[in-house]
Amino acid sequence: MLARLFPDRFVPVLLATILLASLLPVRGAAVPVAQAISTAAIIFLFFLNGVRLPREEVLHGIRNWKLQGSALAFCFGGMALLGLAAQAATASLLPATLALGFLFLGILPSTVQSATAASSLAGGNVAASVVAAALLNLSGVALSPLLFALLAGNQGDIHGEAVLRIVSILLVPFVAGQLMQRWLRPWVLAHRGLATFMDRSAIAIAVYVAFSAAVVAGIWGLLDGREIAIVLLAVAALLALSFGSAWALGGLLKLARADRITLLFAGAQKSIAVGAPLAATLFAPAIAGMVLVPILVYHMAQLILSAWIAPALRAEKV
């Protein structure tokens, strides 16, 4: 029953992380230490992503410009507008930083492993999924902060210190990982399980530290049952619109069925692996946890939804 409810094992890990942060948040003198550990975990995460994302496959896959271009346009264009619309719709119903989280969700890149795995399970173009994930995440390191600054107005003001943090904590480790691919990528590919464990551990640490600050700042006192229900309903609407629109776009572009499946998961999924570190970089700790709430809910829901949709698409194909 648990396997059916949580098809991806990372879902209960995220739930446990939020519960732990709610019950035992980092406080007092431990905060600087926890933030240093979180920063180190984020640097390692982006270094590992740089090692893992294949440059050669990206360059080869760019030739499928129709699929890759539509994935980029939908992920950073269509989804950004959906996030902006969700922020506007919830602005009068939720705390401002929580509503801002919907826009933040919209400007993030796609997932890497889960989008590729879902595409494979559904009978999609796996090679194109790998390329799309790589392109979207390579682009997202630069595009996501710029889009947020462009669409968020005064709330998205990115000052010099934040730019420096983005470059030093996200971009530099990623580029270093790309440069070290020749020596480290064979080891990472040979130890996928360990690499995934380290990857998800880094995400969990970043989420725990960010959400701890929100708990200490009184997030559960600021949110009542009505507001939590609004977040859940807004995320459900976003899921329906994002997955439905991505599938419809593939049909309008007359993509091959395998490419259409790739666009569905690459376009509609959003990455907590980029979201948590970027929130920690852009926002003060107490704000970051609140901004992360929509992407945390969306990320867990998309994993469950994708695990249900993928077998149905494969069965339909057969």
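**Exercise 1.** In this predicted model, state where Ser119 is placed, whether Ser119 is buried or exposed, and which residues Ser119 touches beyond four places away in sequence.

*Solution.* Step 1: Ser119 lies in helix H7. Step 2: the relative accessible area of Ser119 is 0%. Buried means under 20%, so Ser119 is buried. Step 3: leaving out residues up to four places away in sequence, the contacts of Ser119 are Gly124, Asn125, Ser129, Ile261, Thr262 and Phe265.

**Exercise 2.** List the buried residues of helix H7 (residues 113-122), and give the sign of phi for Gly123.

*Solution.* Step 1: the buried set of H7 consists of Ser114, Ala115, Thr116, Ala118, Ser119 and Ala122. Step 2: Gly123 comes just after H7 and has a positive phi of about 90 degrees.

**Exercise 3.** Classify the packing of helix H5 (residues 65-90) against helix H14 (residues 257-268), and describe the residues in contact.

*Solution.* Two packed helices are described by the angle between their axes and the distance between the axes. Step 1: for H5 and H14 the angle is about 30 degrees and the axes are 9 Å apart. Step 2: angles under 35 degrees count as roughly parallel, and H5 and H14 are therefore roughly parallel to each other. Step 3: the crossing of H5 and H14 is right-handed. Step 4: H5 contributes Leu67, Ser70, Ala71, Phe74, Cys75 and Met79, which meet Asp259, Thr262, Leu263, Gly267 and Ala268 of H14. Step 5: sorted by class, this contact of H5 with H14 holds 7 nonpolar, 3 polar and 1 charged residues.

**Exercise 4.** Carry out the corresponding analysis for helix H3 (residues 30-52) and helix H15 (residues 272-282).

*Solution.* Step 1: the axes of H3 and H15 come within 11 Å and cross at roughly 140 degrees. Step 2: roughly antiparallel applies over 145 degrees, and roughly perpendicular from 65 to 115. H3 and H15 are therefore oblique to each other. Step 3: the crossing of H3 and H15 is left-handed. Step 4: Ile42, Leu45 and Phe46 of H3 meet Ala273, Val274, Pro277 and Ala280 of H15. Step 5: the contact of H3 with H15 has 7 nonpolar residues, with no polar and no charged ones.

**Exercise 5.** Compare the reach of helix H11 (residues 192-216) with the expected value, and describe the phi of Gly218.

*Solution.* Step 1: H11 has 25 residues. Step 2: from first C-alpha to last, H11 reaches 36 Å, close to the 36 Å expected at 1.5 Å a residue. Step 3: Gly218 follows H11, and its phi is positive, near 95 degrees.

**Exercise 6.** Describe the surroundings of Gly289 and the C-alpha separation between Gly289 and Ala214.

*Solution.* Step 1: Gly289 belongs to helix H16 (residues 285-317). Step 2: the relative accessibility of Gly289 is 0%, so Gly289 counts as buried. Step 3: Gly289 and Ala214 are 75 residues apart along the chain, and their C-alpha atoms are separated by 4.8 Å. Step 4: not counting residues up to four places away in sequence, Gly289 touches Ala210, Phe211 and Ala214.

**Exercise 7.** Locate Lys254 and Leu135, and decide whether each is buried or exposed.

*Solution.* Step 1: Lys254 sits in the loop between helix H13 (225-252) and H14. Step 2: Lys254 is not a glycine, yet has a positive phi of about 55 degrees. Step 3: exposed means over 50%; at 74% relative accessibility, Lys254 therefore counts as exposed. Step 4: Leu135 is placed in helix H8 (residues 126-151). Step 5: with a relative accessible area of 12%, Leu135 is buried.

Notes
Residues numbered from 1 in each chain as written. Predicted model: local features only at pLDDT ≥ 70, side-chain atom pairs only at ≥ 80, totals over all residues. Heavy atoms only, no water. Axes fitted to C-alpha atoms, helices over the stretch in contact; angles between N-to-C directions. Helix = DSSP H or I, 4+ residues; strand = E, 2+ residues; numbered from the N terminus. Left-handed = near helix turned anticlockwise from the far one by under 90°. Contact = heavy atoms within 4.5 Å. Nonpolar A, V, L, I, M, F, W, Y, C, P; charged D, E, K, R; others polar. Buried < 20%, exposed > 50% of the residue type's maximum accessible area, 1.4 Å probe, protein only. Expected span 1.5 Å × (residues − 1).
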